[in-house]
Amino acid sequence: MTPKALWTFHPWAIAVMAGVMGLSIVAVFGVIWIRLSADARDTFTLFQRLTLLAFFGTVLYLLYRMATVRVTAYEDSLRVRNVFRTYRYQWNDVKALRFRAGDPWLQLFDTEGNRLGILAVQASEGARAGRAAKELAAVARSHGAG
């Protein structure tokens, strides 16, 4: 059974940007492929076609991961999903959360001295990100984080 989330945040700006970019890539290269003459399309080998599909699949997967970054607070821990990796911190391992003016995103400092950028709470979201950082800090304090 999945634990119930107390609080979660995901950015809208990056999700919209990733969606628009993904649709644009599919549309532009789909039109280019269709507009190629049959003779030009026949010059592509099976390996070249598979390479192109693998490249576009990788780009679309990365855009998907960008669109789904989030931070979620649970009763016992904090889960941070960034583009390449998902992190989970117990509340007593969270030393500080900082989001100062000029910072690109929220910073998490753990008790071992490591710093993690929480990409879900980023300056491009404006006041919404500032509110989210304050709300997350309040949740963290109420659960014993430093």
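Q: Buried means under 20% relative accessible area, with exposed over 50% and partly exposed in between (1.4 Å probe, protein chains only); which residues of H3 are buried?
A: This is a predicted model, where local features need pLDDT of at least 70, side-chain atom pairs count only at pLDDT 80 or more, and totals for chains, interfaces and linings use all residues. Residues are numbered from 1 along each chain as its sequence is written, and side-chain values use heavy atoms, leaving out hydrogens and water. Helices (H or I, at least four residues) and strands (E, at least two) are DSSP runs numbered from the N terminus. The buried residues of H3 pack against helix H1 (12-35), S3 and S4, and they are Phe56, Leu63 and Arg65.

Q: How far apart are the end C-alpha atoms of helix H3?
A: The expected span is 1.5 Å times one less than the number of residues. For the 22 residues of H3 (46-67) that gives 32 Å, which agrees with end C-alpha atoms that sit apart by 31 Å.

Q: In the sheet S1-S2-S3-S4, which strands stand at the edges?
A: This open sheet of 4 strands has antiparallel pairing, where two strands pair if DSSP finds at least two bridges between them. Each edge strand has a single partner, so one side of it is left without a neighbour in the sheet; the two are S1 (7-9) and S4 (86-90).

Q: Which residue in S6 is the bridge partner of alanine 96?
A: Strands S5 and S6 (residues 105-110) run antiparallel, joined by 4 bridges. The partner of alanine 96 in S6 is phenylalanine 109.

Key:
Contact = heavy atoms within 4.5 Å.
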